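Grab a pencil and keep the 3D viewer open. Each exercise below sets a task and then works through it step by step.

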Amino acid sequence: MAHFHSTVSRRDFMKALGLVGAGAGALGAASPIFRDLDEVTASVSKDPYARWWVKERDFEDITTPIDWNVFKAYNPATHPTTPSEFGPGGPVLSTARKVRQLDGVVNNWPGSTLRDLALDGATGGNYSGNQKWDGAGGTSPSSRGDGTRSAPGPWQGTPEENLQTCRAAAHFYGSPRCGAIEINEKTKKLFNSNVQWADIDKGTYDDKTDIYTIPNKCRWVLVWLTKQSFKMNQYITRSDPDDPWPNKVFRQGKAGENQAYSHAPQIRYQVNRFITGLGYQCLKPSASGNVQFGVFAGLSEMGRAAMTIEPSYGMMVRYIDFAITDLPLAPTKPIDAGLRRFCHNCGTCAKVCPSGCQSTEKDPYWETRDTYSNAGLQTWYIDWDKCIRWGGPWDCVNCQTSCPFNHPTDAIVHPFVRSTAAVTPLFNGFFASMENSFGYFRQLSADEHEDWWSRDLSSWKYDTLLGFGNPSW
């Protein structure tokens, strides 16, 4: 095999598939040539999740430029936000929401009927459960003795083996992606300012001062994501100007988002207890943001909408979760899949934003737009006051739903767009326009909302059926 050589460029490969036109030819001409299988192998990321077009970067070298001299650990006290009477939980919007939802029930509007609201309402209630921030209640190795013998522990493995072990467990619990960050003076800033480190044996929390103290030996952060259903998100959009409640969400589709919010603490609870069961600490202190953990662990990039964009799922990620541990883990590197570059030319999320909170600037910038944001990033800062007063994210998820990278890989065009955008930004503007013409971001018809309730359950592939693998029977 070492003597087998063939010269194959990506252009030739695409030509063989009949995909080479003017645009594809330009892409192929700009692509590297593989002279033998050794070069092909060397070009592929060692990350088991990565597609061929996803490139690894150095540790802490994320695609969003960061000024560590400016970027500080987030302190909610110094970043005041919109007054509590506004926003999704405040009385200003709550009263209007109740009136409109009652109108939907009384008038039997598809997507807003009583059964639609019941579908959404049942997805709540699992947001916190009986979780402990330090894994208290988990079964440690020392507690597995029978009175005469002690269970050996903790689990011993190389950092690479430990990461794969956690990936396997997290995947079983419901998370498709998992990575790791090593803690240093820079990455400590990813947590809120009430998280500190000290030479202690066990993590502590002082409820009077709201201070978390983490042992210095807990040097790793396990990071994983909770997926959200793209198909259910399509039932959220309410963009028709003739709709009785324009630019507010259908609760029928919002059930998909809340279901993911409900899955997140379930996965966290099980990952927490799993690491505790291995004989290590698993600590979950506070952090006002979660996007940064996915970016630094190489699971995602940060785009225009200030949310996670993942190479395979786009913005259909509900939560990037994390836990600090003393289980040695092999850190995973940040990635560049061309997602942030795509945001320069796309701007779809800003165009469909009803509140005007999203930036319409082509290029990112360093200046924040309000006190809520944390300075030190070169990005597209959101005007959070506008978003919150409109009711986001409770009453609006247009930015998330409209992202061109959300789509499953059922059609060949979606992987093609992903790979092309990663290799060259030349066609990003065209792809963004093409996305709009396809009509993925639109309000579904009344019949489509009604048909969801009578869908063929034996062939509908978008539900989350716990206990099944990918294929069902």
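Buried means under 20% relative accessible area, exposed means over 50%, and partly exposed is anything in between. Keep in mind that this is a predicted model.

**Exercise 1. Decide whether Ala198 is buried, partly exposed or exposed, and find what it touches.**

Step 1: Start by locating the residue. Ala198 belongs to strand 5, which covers residues 195-198.

Step 2: Now take its relative accessible area, which is 22%. Because this value falls between the 20% and 50% cut-offs, Ala198 counts as partly exposed.

Step 3: Look for partners beyond four places in sequence. Ala198 is in contact with Thr213, Ile214, Pro215 and Asn216.

Step 4: Pick one of these, Pro215, and compare sequence with space. Ala198 and Pro215 are 17 residues apart along the chain, yet their C-alpha atoms are 5.3 Å apart.

**Exercise 2. Work out the strand order of the sheet that holds strand 5.**

Step 1: Read across the sheet. It is an open sheet of 3 strands in the order 5-7-6, and its pairing is mixed.

Step 2: Find the edges. Strand 5 and strand 6 (204-206) each pair on one side only, which makes them the edge strands.

Step 3: Check the twist. Ignoring direction, neighbouring strands here are turned by 25° against each other on average.

Step 4: Zoom in on one pair. Strand 6 and strand 7 run antiparallel, with 3 bridges between them. Across this pairing, Asp206 stands opposite Ile211 in strand 7.

**Exercise 3. Describe the sheet with the order 4-8-12-9 and the helices that pack on it.**

Step 1: Begin with the sheet itself. It has 4 strands, is open, and pairs in the antiparallel sense. Its edge strands are strand 4 and strand 9 (282-283).

Step 2: Follow one pairing. Strand 4 and strand 8 are joined antiparallel over 5 bridges, and Cys178 stands opposite Trp224 in strand 8.

Step 3: Add the first helix. Helix 6 (residues 159-173) packs on this sheet and touches strand 4 and strand 8. The direction of helix 6 makes about 140° with that of strand 4.

Step 4: Add another helix. Helix 8 (residues 251-278) packs on the sheet too, touching strand 8, strand 9 and strand 12 (317-325). Its direction makes about 150° with that of strand 8.

**Exercise 4. Find out which parts the salt bridge between Glu182 and Arg219 ties together, then look at other salt bridges.**

Step 1: Check the distance. The closest N and O atoms of Glu182 and Arg219 are 2.8 Å apart, and the cut-off for a salt bridge is 4 Å.

Step 2: Place both ends. Glu182 is in strand 4 (residues 178-182), while Arg219 is in the loop between strand 7 (211-215) and strand 8 (220-227), so this pair ties together parts that are 37 residues apart in sequence.

Step 3: Check accessibility. Glu182 is partly exposed at 32%, and Arg219 is partly exposed at 38%.

Step 4: Set a pair within one helix beside it. Arg100 and Asp103 form a salt bridge with a closest N to O distance of 3.6 Å. Both sit in helix 4 (residues 91-107), 3 residues apart, or about one turn of the helix.

Step 5: Zoom out. The whole structure has 18 salt bridges. Among them is the one between Lys188 and Glu185, at 3.1 Å from N to O. Elsewhere, shared partners join Arg57, Asp61, Asp336 and Arg341 into one salt-bridge network.

Note on methods. Residues numbered from 1 in each chain as written. Predicted model: local features only at pLDDT ≥ 70, side-chain atom pairs only at ≥ 80, totals over all residues. Heavy atoms only, no water. Salt bridge = Lys/Arg side-chain N within 4 Å of Asp/Glu carboxyl O. Helix = DSSP H or I, 4+ residues; strand = E, 2+ residues; numbered from the N terminus. Buried < 20%, exposed > 50% of the residue type's maximum accessible area, 1.4 Å probe, protein only. Contact = heavy atoms within 4.5 Å. Pairing = 2+ DSSP bridges. Axes fitted to C-alpha atoms, helices over the stretch in contact; angles between N-to-C directions.
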